[in-house]
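Biologist: I would like to go through how the two chains meet, and on what grounds each term is used.

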Protein chains: 2
Amino acid sequence: MRMAITYEHIKTCKQSGARLGRVHTPHGSFDTPAFMPVGTQATVKTMSPEEVKEMGAGIILSNTYHLFLRPGHETIRKAGGLHKFMNWDRAILTDSGGFQVFSLSENRKISEEGVEFRSHLNGDKLFLSPEKAMEIQNALGSDIMMAFDECPPYPATYEYVKASTERTSRWAERCLASHARKDDQGLFAIVQGGAFEDLRKQSAADLTSMDFPGYAIGGLSVGEPKHVMYEVLDYTTPLLPQHKPRYLMGVGSPDALIEGSIRGIDMFDCVLPTRIARNGTCMTSGGRLVIRNQKYAEDFGPLDPECSCYTCRNYSRAYIRHLIKADETFGIRLTTYHNLHFLQELMKNVRQAIQEDRLLDFRDEFFARYGLNDNDKGF
Amino acid sequence: MRMAITYEHIKTCKQSGARLGRVHTPHGSFDTPAFMPVGTQATVKTMSPEEVKEMGAGIILSNTYHLFLRPGHETIRKAGGLHKFMNWDRAILTDSGGFQVFSLSENRKISEEGVEFRSHLNGDKLFLSPEKAMEIQNALGSDIMMAFDECPPYPATYEYVKASTERTSRWAERCLASHARKDDQGLFAIVQGGAFEDLRKQSAADLTSMDFPGYAIGGLSVGEPKHVMYEVLDYTTPLLPQHKPRYLMGVGSPDALIEGSIRGIDMFDCVLPTRIARNGTCMTSGGRLVIRNQKYAEDFGPLDPECSCYTCRNYSRAYIRHLIKADETFGIRLTTYHNLHFLQELMKNVRQAIQEDRLLDFRDEFFARYGLNDNDKGF
């Protein structure tokens with residue numbers, strides 16, 4: 001059987017152990033480590049597909065839960081799939097809906113069969129199961145599909161996480177069994193287990209025995225301290241197959257992208273860059289910049305003097321501040337473009353540092369530089 | 001003295017009397033009759049300057065009142081002027097602020113000196129006068145400035161309109177006297193007079209005696225029936241100089257753009273195409289199309305099958321409907337782009353029809369076609 005998704009390993013950073021690679025999909029290849037912009041509702045908020053391409057993204061993420069609710073996966077199937085529906089011809093990864101069922105919906109009831117919940121839009125009673133999540137994602141036609149899982153909250157008791165993780169493994173098996181388009185779409189499993197090393201090990205063992213084309217690490221970036229996340233990665237990533245892509249879900253702060261890459265992660269996604277952009281907060285080479293601040297009112301320099309993006313080439317801080325304060329959409333376009341471009345450039349630099357066997361040095365330089373900035377206390 | 005704005009007459013339509021021409025400005029030339037997209041707060045809502053250029057606009061309008069309030073004209077002066085501030089290198093027309101003072105602000109007090117009013121943003125007490133309107137527009141550096149006028153409501157008494165129109169003429173004289181950048185910026189006067197023929201004549205006589213580089217017809221499209229507007233144009237336009245541009249303020253419905261062109265108007269502006277786009281209403285060759293309607297939920301054809309714009313080339317009605325219903329900015333970008341493109345194409349067709357001496361035929365065909373459409377009752 002042809003594999004829809006394959007991972008080409010290019011080299012390992014001698015200094016850090018990070019992996020340089022390339023993921024091949026039915027809609028083109030992308031270099032890893034990679035950050036995937038999030039297009040929740042079949043659009044990367046405020047951006048055109050051309051703009052997302054222009055900044056170098058080879059893959060975006062879209063959300064099964066949202067598209068299931070609106071416009072409905074059958075509509076997207078009839079449109080010829082999500083790529084055609086949204087005019088994006090590069091790769092798409094869809095999540096399974098599991099995370100949103102637990103974070104957005106109300107009155108959910110979990111059973112072995114699946115999860116009953118109420119729509120956050122209109123209160124309709126709905127049901128998602130491993131089989132349903134596959135049916136929806138098969139209709140969407142994403143290149144990479146995610147297995148239906150439960151993402152336990154942090155903190156949670158050992159007993160809760162154990163039962164949940166075991167069920168996630170059983171659900172993964174059902175996903176694999178009901179996935180109807182294995183030639184076109186690669187299904188990734190999600191390693192859970194919270195911050196419990198033995199549960200992570202068990203989860204990884206269960207899932208790697210089933211031979212998925214890729215593996216995600218889920219249940220992180222859900223409120224735990226960053227050092228806990230890094231510890232979990234330290235003992236979980238080595239359990240995943242070398243010849244398949246590894247995806248750390250929901251992570252997009254510059255520091256965590258670098259630390260995750262150092263720990264052998266290939267793919268990341270997060271709403272962070274687009275969400276903070278809509279409030280006028282920008283990621284820059286000098287750290288976080290809050291464009292609404294009065295001090296930028298007559299600052300006619302670019303957002304980030306070291307950035308070469310469309311926003312920084314053409315517009316001043318004063319203009320962007322004016323637009324954001326006046327609630328003008330174009331302001332949000334400019335900050336969103338910049339933030340997404342910033343992360344694409346960051347990942348390009350991470351890949352370059354791996355190529356040069358100096359990712360730890362790169363991290364230290366990046367962090368030191370950020371520390372010198374008095375603009376804000378974190379990315 | 002060099003004239004900042006000149007009008008080149010190319011030909012008059014033998015069938016309708018409409019004018020084909022070209023207006024030359026310090027930031028390039030544009031063909032007339034022309035529709036000017038509105039960029040109230042130094043941005044054409046949701047659009048990038050590149051997109052506005054791509055659809056063929058050679059001039060946009062921006063609002064003195066809004067920019068005076070926020071970010072302040074001194075900020076824009078320091079930025080190097082409005083063109084540089086907003087990254088638009090083609091022509092800009094700024095209105096005088098008069099219309100907004102009367103339509104948006106509160107507690108206004110009119111005196112011979114000017115108008116005292118309260119900001120609609122924060123209630124601050126502010127004052128605009130002919131001299132202040134010139135100072136602001138000189139700071140903005142627009143190619144075409146507008147004289148400070150009062151736009152009387154419709155209906156209004158003869159006495160009210162007479163006093164107001166006479167004051168507008170006196171104000172025009174003060175504008176001309178205080179305009180400090182005549183080499184770079186052309187100041188247009190605004191003919192007022194409501195729906196009273198003798199007042200329009202008096203206004204036109206007063207203002208044309210002062211030799212402005214262009215003339216606008218104001219006080220229309222403020223609630224009067226369209227036939228009243230056309231009657232006013234019928235007797236007012238012939239009073240304006242042949243060798244200078246004529247601008248009908250606040251008009252942007254397709255029918256009125258054609259009727260205005262027939263009556264010898266060269267320039268138009270209106271928020272209509274961008275405002276209705278934000279609600280998902282589109283101008284199409286089949287008439288007005290409300291994309292939120294359920295019947296478009298699985299319509300995978302373009303907004304307008306006869307349109308070649310970015311939106312219609314790449315996206316379906318079903319997708320645009322999804323985006324608008326999901327409150328996604330990109331949906332509004334797509335409808336805005338389409339509507340503005342629709343009007344640019346309409347004006348191109350109007351110019352072509354003038355070239356071919358068939359603008360009355362063009363109007364009849366356009367109206368008949370619209371009448372055949374059962375989608376809606378008007379543009």
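**The interface of chain A and chain B**

Modeller: This is a predicted model. Across the interface of chain A and chain B, the rule finds six salt bridges.

Biologist: What makes the contact of Glu51(B) and Arg333(A) a salt bridge?

Modeller: The cut-off is 4 Å between a side-chain nitrogen of Lys or Arg and a carboxyl oxygen of Asp or Glu. The side chains of Arg333(A) and Glu51(B) meet at 2.9 Å, N to O, so the pair satisfies the rule.

Biologist: How many residue pairs are in polar contact across the interface?

Modeller: The rule finds 24, with both residues at pLDDT 80 or more.

Biologist: Which helices of chain A supply at least two residues each to the side that touches chain B?

Modeller: They are α1 (49–54), α3 (73–78), α4 (82–86), α12 (310–314), α13 (317–325) and α14 (329–355). The most comes from α13(A), with five residues. By class, this side of chain A has 17 nonpolar, nine polar and nine charged residues.

Biologist: How do you know that the copies meet through the same surface?

Modeller: The contact takes 35 residues from chain A and 35 residues from chain B. Of the interface residues of chain A, 100% are also interface residues in chain B, so the surface is the same. Between them the chains bury about 3000 Å², 52% of it on carbon and sulfur atoms.

Biologist: Why is the relation of the chains called a two-fold axis?

Modeller: A turn of 180 degrees with a shift of 0.0 Å along the axis lays chain A on chain B, with an RMSD of 0.0 Å. That is the relation a two-fold axis gives. Thr329(A) comes closest to the rotation axis of the residues of chain A, at 3.8 Å (C-alpha).

Technical notes:
Residues numbered from 1 in each chain as written. Chains lettered and ligands numbered in written order. Predicted model: local features only at pLDDT ≥ 70, side-chain atom pairs only at ≥ 80, totals over all residues. Heavy atoms only, no water. Least-squares fit on C-alpha atoms with pLDDT ≥ 70 in both. Contact = heavy atoms within 4.5 Å. Buried area = accessible area lost by both parts, 1.4 Å probe. Polar contact = N/O pair within 3.5 Å; in protein donor to acceptor, adjacent residues only side chain to side chain. Helix = DSSP H or I, 4+ residues; strand = E, 2+ residues; numbered from the N terminus. Nonpolar A, V, L, I, M, F, W, Y, C, P; charged D, E, K, R; others polar.
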